Amino acid sequence: MFITFEGGDGSGKSTQIAKLKDALQVKGFDVVLTREPGGTPISEKIRQVILDKDNQGMTPVTEALLYAAARAQLVRQVIIPALEEGRIVICDRFLDSSIAYQGFGRQLGDAVDNINQYAIAGCMPDLTIFLKLDPASGRERIGSREKDRIEMESDAFHQRVAEGYRWLEENYPERILAVDASQSIEEIAAKIEAAVMERIHAL
Ligand code: TMP
């Protein structure tokens, strides 16, 4: 089973991913945790290039292709082999992030999905948990910690990203489960665990 987590910056993804991993491991499942952009030595190097604050001149197309390149490596080196071994893969962000950030945020539109179909080679998540939080609260939660090149983007950019996630939620209701990220950590974790267990039993 392939599970991805999505959400704007500051939505609490890392906390919830760690909680889900622990909960599944306690139940005896073999869990592989990975992240995007990154998750392999090559993809982590690509991540550094993408998020480097000094790369202000990066064009939106270059950015979209670099995310897709990091993804192509991760899918082939980590995700597909783990799924073939019957393990549960949890990935912090995946294709939906590119649709929201590059497709909507950078306004590249459908081109993002097209290049990514090549990158993912048919490997789509069985379930995507979308931690939903308005961008202003997310940015408040990030607070004063140092921001990467994407987090430094304008409020208008982050509003478009939020619109992208709304579009995804409406278009893929069977795959994407939106969870209100303003609830308590325990409430959110319980909802996610229940949804994941339901899917596991259905599979
Ligand atoms: P992270 O902070 O969740 O590790 O993600 C790094 C940043 O990259 C985050 O601001 C979201 C952004 N991102 C994209 O713009 N497109 C993508 O395809 C992915 C995976 C992440």
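Biologist: Which pocket holds the space taken by the ligand?

Modeller: This is a predicted model, numbered from 1 along each chain as its sequence is written, in which local features need pLDDT of at least 70. Side-chain values use heavy atoms without hydrogens or water, side-chain atom pairs count only at pLDDT 80 or more, and totals for chains, interfaces and linings use all residues. A pocket is an open set of points on a 1 Å grid over the protein atoms alone, where a 1.4 Å probe fits, with protein on both sides within 12 Å along at least five of seven lines. With more than half of a molecule's atoms required within 2 Å of the grid points, the ligand's place is the largest pocket.

Biologist: Lovely! Which residues come nearest to the ligand?

Modeller: The ligand has 14 residues around it, each with a heavy atom within 4 Å. Those that come nearest are Y67, R71, R93, S98 and Q102.

Biologist: Which side chain has an N or O atom 2.9 Å from an oxygen atom of the ligand?

Modeller: Let's go through the polar contacts (pairs of N or O atoms within 3.5 Å). S98 places a polar side-chain atom 2.6 Å from a ligand oxygen, while Q102 has one 2.8 Å from a ligand nitrogen. The 2.9 Å pair with a ligand oxygen belongs to R47.

Biologist: And which helix gives the most to the shell around the ligand?

Modeller: Helices here are DSSP runs of H or I with at least four residues, and strands are runs of E with at least two, numbered from the N terminus. At least two shell residues come from each of α2 (41–51), α3 (60–84) and α4 (95–105). With 4 residues, the top contributor is α4.

Biologist: Which residues are closest to the centre of the largest pocket?

Modeller: This pocket holds about 690 Å³, the space filled by probe spheres set on points joined across faces, edges and corners. Its lining, meaning residues with an atom within 4 Å of a point, numbers 34, and closest to the centre are D9, K13, R47, R93 and E151.

Biologist: Now for the second largest pocket: which element supplies the largest share of its lining?

Modeller: That pocket has a volume of about 260 Å³. Its lining has 19 residues, with G8, L133, D134, P135 and A162 nearest the centre. Two or more lining residues come from each of β4 (127–132), α6 (135–142) and α7 (155–171). The largest share, 6 residues, is supplied by α7.

Methods: Polar contact = N/O pair within 3.5 Å; in protein donor to acceptor, adjacent residues only side chain to side chain.
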